[in-house]
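Me: Please take a close look at the sheets in this model. I want strand order, edges and pairing, then whatever sits around them.

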Amino acid sequence: MDFFTSEIRDLERQGGYRTFLEVERLAGAFPAALKHGPGTGRRISVWCSNDYLGMGQHPLVLEAMKRAVDESGAGSGGSRNISGNHRYHVELERELADLHGMESALIFPSGYAANDAALTVLAGRLPGCVVLSDELNHASMIAGIRHSGAEKQIFRHNDLDHLEELLAGTDPALPKIIALESVYSMESDVAPLERVAELARAYGAFTYLDEVHAVGMYGPRGAGKAAELGLEGRFDVVQGTLAKAFGTAGGYVAGPAPVVDAIRSFAAAFIFTTSLPPAIAAGSLAAVRHLKRSEEERRQLRDKSQLLHGLLGEYGIPVVSDEAHIVPVLVGDSLGCRDVAGELLERHGCYVQPINAPSVPVGTERLRVTPTPHHEDDEIAAFAAALNGIWERAELPRRRLAAEAVA
């Protein structure tokens, strides 16, 4: 007991102790929410939601979920193996396989479970497998690789010269898996997918692509970054989530039928867990079908993200990268990050959760801001101005504009 008390106190002194804001989402009013606790019931605006397109509030999704509850009740009743295999699960998997142009798909209760289960099976059952993993891959991918027991080689983030060096130094006879993400959520940068596909082909490597922060938001029909770049079919397995662009909960993998069947047959994280409630699967199905045919949400997300990136650039507020829709505002100190987030909330009613270690390296603490199609332009301008005022009062370092740097 004393040991853990001491550990928590140390974490608090370092500024890394995590607190959870009690947020009540308001149906039909996203991104508005109610903040509970001290000052209970205060209306705030959420700027860090993973519901990137606001699909968690979409009428089609809500209608599908309500109908499924009326039809099937609350829970699924068991695992997929034991009474928990609902028609909504089957239809959703077919829709996801079609989205990615794959033979098959398999859904999980979470994206974390999907990555953990799939990589545990794929890397663990291939004899002598070597996994080549980007150093910034998500914790769920790292867990799956670790659980597989396979040899792991880490290449520097998006450094494909380093990846090729590792591939060239690996026994050609051994099976190899290249595991990476398309969009990295804490950096908001994009992997050089075309060259990854070329290296995989040249060295006979299997590819595992996490498109969690891209599905629904990029590419034809929202199929992701690989599809946007014309690389659909060049990656063996695609992993995605239902909890971000699609606005509900759960994760999935899509790929060749034998590969997906192996995951279904051997992954303990799939076999021994209760399946998604039918209402969640029904809502996900409605969201996937809608975003396959609608470009409006993707267009608006792109416009809102570009607007915020541009305003912060004018203020000289440092952003880690502007390659994707996420806006990672670099603070560089855990206590400072906490203070900036606190002032945004208390003075301006804008909720952004500070991101500290171990989610990001020490010294790169940041605010992970996610403007959505439902943030109005004047709200975005006000948010940027509020951040600029905080930056000025706290005397935080700024990034010089290109014109200033030349002068």
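Reply: Two strands count as paired if DSSP finds at least two bridges between them. The model is predicted.

With that rule, take the sheet of 4 strands. It is open, its order is S1-S2-S3-S14, and its pairing is mixed. Strand S1 (23-25) and strand S14 (350-351) are the edges; each has a single partner strand, so one side of each lacks a neighbour in the sheet. S1 and strand S2 (residues 32-35) run antiparallel, joined by 3 bridges. Within that pair, Glu 24 faces Leu 34 in S2. In general, strands of a sheet pair through backbone hydrogen bonds, parallel or antiparallel.

Next comes an open sheet of 3 strands. The order is S13-S16-S15, and the pairing is antiparallel. Its edges are strand S13 (327-330) and strand S15 (354-355); each has a single partner strand, so one side of each is left without a neighbour in the sheet. S13 and strand S16 (residues 366-369) are antiparallel and share 4 bridges. Here Pro 328 stands opposite Arg 368 in S16.

Two helices go with this sheet. Helix H12 (residues 296-315) packs on it and touches S13 and S16; the directions of H12 and S13 make about 20°. Helix H13 (residues 334-348) lies across S15 and S16, at about 45° to S16.

H12 has a second role in the layout. It gives the most to the lining of the second largest pocket, 6 residues. Helix H8 (225-228) and H12 each supply at least two lining residues there. The lining holds 16 residues, and those nearest the pocket centre are Tyr 218, Arg 302, Gln 306, Ala 324 and His 325. The space in this pocket is about 280 Å³.

Now the nonpolar packing. The largest nonpolar core has 39 residues; Leu 53, Leu 92, Leu 96, Met 217, Leu 242, Phe 246 and Tyr 252 have the most contacts inside it. Two or more residues come from each of helix H2 (59-72), helix H3 (87-99), strand S4 (104-108), strand S12 (251-255) and helix H11 (278-293). H11 gives the largest share, 8 residues. A second, separate core has 31 residues, including Ile 44, Ile 317, Val 329 and Leu 387.

Back in the largest core, look at Leu 53. Leaving out residues up to four places away in sequence, Leu 53 touches Gly 216, Met 217, Ala 245, Leu 291, Glu 297, Leu 301, Pro 373 and His 374.

How values were computed. Residues are numbered from 1 along each chain as its sequence is written. This is a predicted model: local features need pLDDT of at least 70, side-chain atom pairs count only at pLDDT 80 or more; totals for chains, interfaces and linings use all residues. Side-chain values use heavy atoms; hydrogens and water are left out. A nonpolar core is a set of buried Ala, Val, Leu, Ile, Met, Phe, Trp, Tyr and Cys residues joined through side-chain atoms within 4.5 Å. Buried means under 20% relative accessible area, exposed over 50%, partly exposed in between (1.4 Å probe, protein chains only). Contact means heavy atoms within 4.5 Å. Axes are lines fitted to C-alpha atoms, for helices over the stretch in contact, and angles run from 0 to 180 degrees between N-to-C directions. On a 1 Å grid over the protein atoms alone, a cavity is a set of points where a 1.4 Å probe fits but cannot get out, and a pocket is an open set with protein on both sides within 12 Å along at least five of seven lines; lining residues have an atom within 4 Å of a point. Grid points are joined across faces, edges and corners, and a volume is the space filled by probe spheres set on the points.
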